[in-house]
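Visitor: Please take a close look at one part of this model, and then set that part against the rest. I work at the bench, so keep to what can be read from the coordinates.

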Amino acid sequence: MKPAHPARRTVCAALGLACAAALPFVAAGRVLAAAPALQPGADPLDSSRWDDMRRAFFADAPVVFDDRIAVTAPFSAEDPLNVPVAIDATALGAVREVLVFADFNPIVKALRVEPLAAPAAFGLRLKLQQSSPVRAAARTADGTWHLGGAWVRTSGGGCTLPSLGSGSAEWQQRLNEVGARLWPGVGHGDRLRLRIVHPMDTGLAPGIPAFHIETLEIADGAGRVLVRAEAFEPVSENPVFSFDLPAGIGAAGPLRIRGRDNNGNLIDAEVRP
Amino acid sequence: MKRLGSTARSWRYVLLAFMLAPLLLALALDRAHARDSAAFDYGLVPRQIADGVYVLEGRKEDFSTANGGDIANTGFIVGTAGVIVIDTGSSRRYGEQMRVAIARITPLPVVLTINTHHHPDHFLGNQAFPPDTLAALPATIAGIEAEGGAFNDNLYRLVGDWMRDTEVVVPRRRLAAGRQLVAGRDIELLALGGHTAADLVVIDHVSGTVFAADLVFNGRAPTTPHADIPRWMEAIAQLERLPARRWVPGHGAVHEDTEPLRQTRAYLDWLSRTLQAAAESGLDMAEAMTLPVAAEFRTLALVEHEYRRSVVHLFPAAERAALGSR
């Protein structure tokens, strides 16, 4: 997810920096060793789990490692409960769905995004149980899966810890509360960022059952669904998401964010541009 | 842990010493301060910076199996009746070797062992010091109780066998701010905070030396895992008013003027403004990590690494503010 130049200009102006200096950094921050485009064969991340991943998610569909799908993640996770990951698959053209997963997590799948009427660029934070490749797989219209990813090193333990929320009563009053804002001209169009109060318990901490957001939908003022997402246990507590949306999307009225968790609690919020 | 019989052990050591002798000799000739990782020797050599005031300067590095966790400054002050120790390093071995280094300088006993704050490079050598001399601010004691075990586990992972037999020893003496004679020395303690919940500054009035703990870094990027930046900057402003003749930062070289204070404050100011601006302009956390470090800070050791860590520590609060989420 590359912020468009206006966003950089905003930041740079605020910091008093020359924009030219800022430009290469998104590329530089992409920590993966860039695989050559359309390399069909070996996993560039050299993960012993790759064959399992391939069988589990892609079966007989064609799979290519493709540096047109950018995964920005830190080389080393300072906090295994909150590993920031940004994905930009817009260079692939029309993308039907993007799957985010971590080979060595006890629950591998983290997020599935369908950019129905939006650029395929988004961000999230996830929990990592141990060092692992973090991958994004984008399916294009021809049925091919394009893979990008990066290794993230971590001290681990992110998935088997109780959420902080499970130790306090606060989330019970604020469950599914949404804080959100739309930034025109950031990313590939306008950027929506949102934070939802939710413990996102994985079910792997003793005595605490799985409790997590399952679905999210973002619709424009006319009710057209722009992005549909399916979230899984490894998404961090009180999740924060970024979604790039078409430019000028706020013109048709407030955006609507709707969803629910696995206990049927609803999420429903409006975002005024 | 099983131990070898003493005879077998001593023979092994003789053999080991025999095998290592040429290597040790070469290293000793090569560098007076060589840290010999084969023998787990930190090569601690206290440097006298004022009458009775000594510093053991750590490396401007991150924890590694090469440096054994010797990355922070420790020090001690020799009074007429005893020794005041300021921080104990990152491991049992460090603490033990620090005591040997102190004993080479003075036969006086250690009467007060201060942990300036609850970060692992400052208290994990506690085992080597008399338990009744271990002392810290109450919030530091609470921090060691709450997080000491996890820090210790993490350091075994980061520096390996240098940590052997290191265990957390929680200081029991609760310190408060104030000026008093300690071991015959005119010592003042300032109870500040901002780098962590409690950061203790030790002033030796006779020599005009200020042990500023990790409120001050010199030539090395500040670390922020428990930071409260506004409080930290206030603490630095308070320190700047002290009539000090020299500053011992928590990390980096001893300095005669307040340049390290200015540098630390400027970096923290830049860091918090950068992250607020990033959150306010709609960047994702992963994107905030890729922003460039301002030119004036690029010479600080570890700055790229510490900046990315700080994003994880500090960006969420800036982001909540930008999203209007409590």
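Guide: Of the 326 residues in chain B, 57% count as buried. The model is a predicted one, and the part taken here for a close look is the loop of chain B that holds B:Phe40, between helix H1 (6–30) and strand E1 (47–50).

B:Phe40 has a relative accessibility of 19%; the cut-off for buried is under 20%, so B:Phe40 counts as buried. The backbone of B:Phe40 has a phi near 55°, a positive value in a residue that is not glycine. Most residues other than glycine have a negative phi. On the side-chain end, B:Arg93 lies over the face of the B:Phe40 ring, 4.2 Å from the ring centre.

A second loop of chain B can be set beside this one. B:Ala213 also has a positive phi near 55° without being glycine. The place of B:Ala213 is the loop between strand E11 (209–211) and helix H5 (229–240) of chain B. With a relative accessibility of 5%, B:Ala213 is under the cut-off of 20% and therefore counts as buried.

Helix H5, which follows that loop in chain B, packs against helix H6 (residues 259–280) of chain B, with the axes 10 Å apart and at an angle of about 160°. Angles over 145 degrees count as roughly antiparallel, so H5(B) is roughly antiparallel to H6(B). The crossing of H5(B) past H6(B) is left-handed. From H5(B), the contact uses B:Ile229, B:Trp232, B:Met233, B:Ile236, B:Ala237, B:Leu239 and B:Glu240. From H6(B), the contact uses B:Leu261, B:Arg262, B:Thr264, B:Arg265, B:Leu268, B:Asp269 and B:Ser272.

B:Glu259 also belongs to helix H6 of chain B. Its relative accessibility is 30%, so B:Glu259 counts as partly exposed. B:Trp247 is 12 residues from B:Glu259 along the chain, and their C-alpha atoms are separated by 9.6 Å.

For chain B as a whole, the secondary structure comes to eight helices and 12 strands. Among the contacts in chain B with a separation of 6 or more, 67% are between residues 24 or more positions apart.

Chain A can be described in the same terms. It has five helices and 15 strands. Of the 273 residues in chain A, 53% are buried. Contacts between residues 24 or more positions apart make up 68% of those in chain A with a separation of 6 or more.

The ring at B:Phe40 was considered with a charge over it; in chain A, rings can be considered against other rings. Over all chains, the count of aromatic pairs is 18. One of them joins A:Phe57 and A:Phe58, a tilted pair with 6.0 Å from centre to centre and 55° between the planes. A:Phe58 has a relative accessible area of 3% and is therefore buried. The rings of A:Phe58 and A:Trp145 have centres 5.0 Å apart and planes at 50°, so this pair is tilted. A:Phe58 is in helix H4 (residues 50–58) of chain A, and A:Trp145 is in strand E8 (residues 145–152) of chain A, so the pair ties together parts 87 residues apart in sequence. Both A:Phe58 and A:Trp145 are buried. The two belong to one aromatic cluster, formed by A:Trp50, A:Phe57, A:Phe58, A:Phe65, A:Phe101 and A:Trp145.

Two acidic residues of chain A complete the survey. A:Glu114 is in strand E5 (residues 109–114) of chain A. At a relative accessible area of 17%, A:Glu114 is buried. Leaving out residues up to four places away in sequence, A:Glu114 touches A:Arg96, A:Glu97, A:Leu226, A:Val227 and A:Arg228. A:Asp142 lies in the loop between strand E7 (132–140) and E8 of chain A. With a relative accessible area of 59%, A:Asp142 is over the 50% cut-off and so is exposed. A:Val197 is 55 residues from A:Asp142 along the chain, and the C-alpha atoms of the two are separated by 37 Å.

Methods
Residues numbered from 1 in each chain as written. Chains lettered and ligands numbered in written order. Predicted model: local features only at pLDDT ≥ 70, side-chain atom pairs only at ≥ 80, totals over all residues. Heavy atoms only, no water. Helix = DSSP H or I, 4+ residues; strand = E, 2+ residues; numbered from the N terminus. Buried < 20%, exposed > 50% of the residue type's maximum accessible area, 1.4 Å probe, protein only. Phe/Tyr/Trp six-rings, centres within 6.5 Å; stacked < 30°, edge-to-face > 60°. Lys NZ or Arg CZ within 6 Å of the ring centre and 35° of its normal. Contact = heavy atoms within 4.5 Å. Axes fitted to C-alpha atoms, helices over the stretch in contact; angles between N-to-C directions. Parallel < 35°, antiparallel > 145°, perpendicular 65-115°, else oblique. Left-handed = near helix turned anticlockwise from the far one by under 90°.
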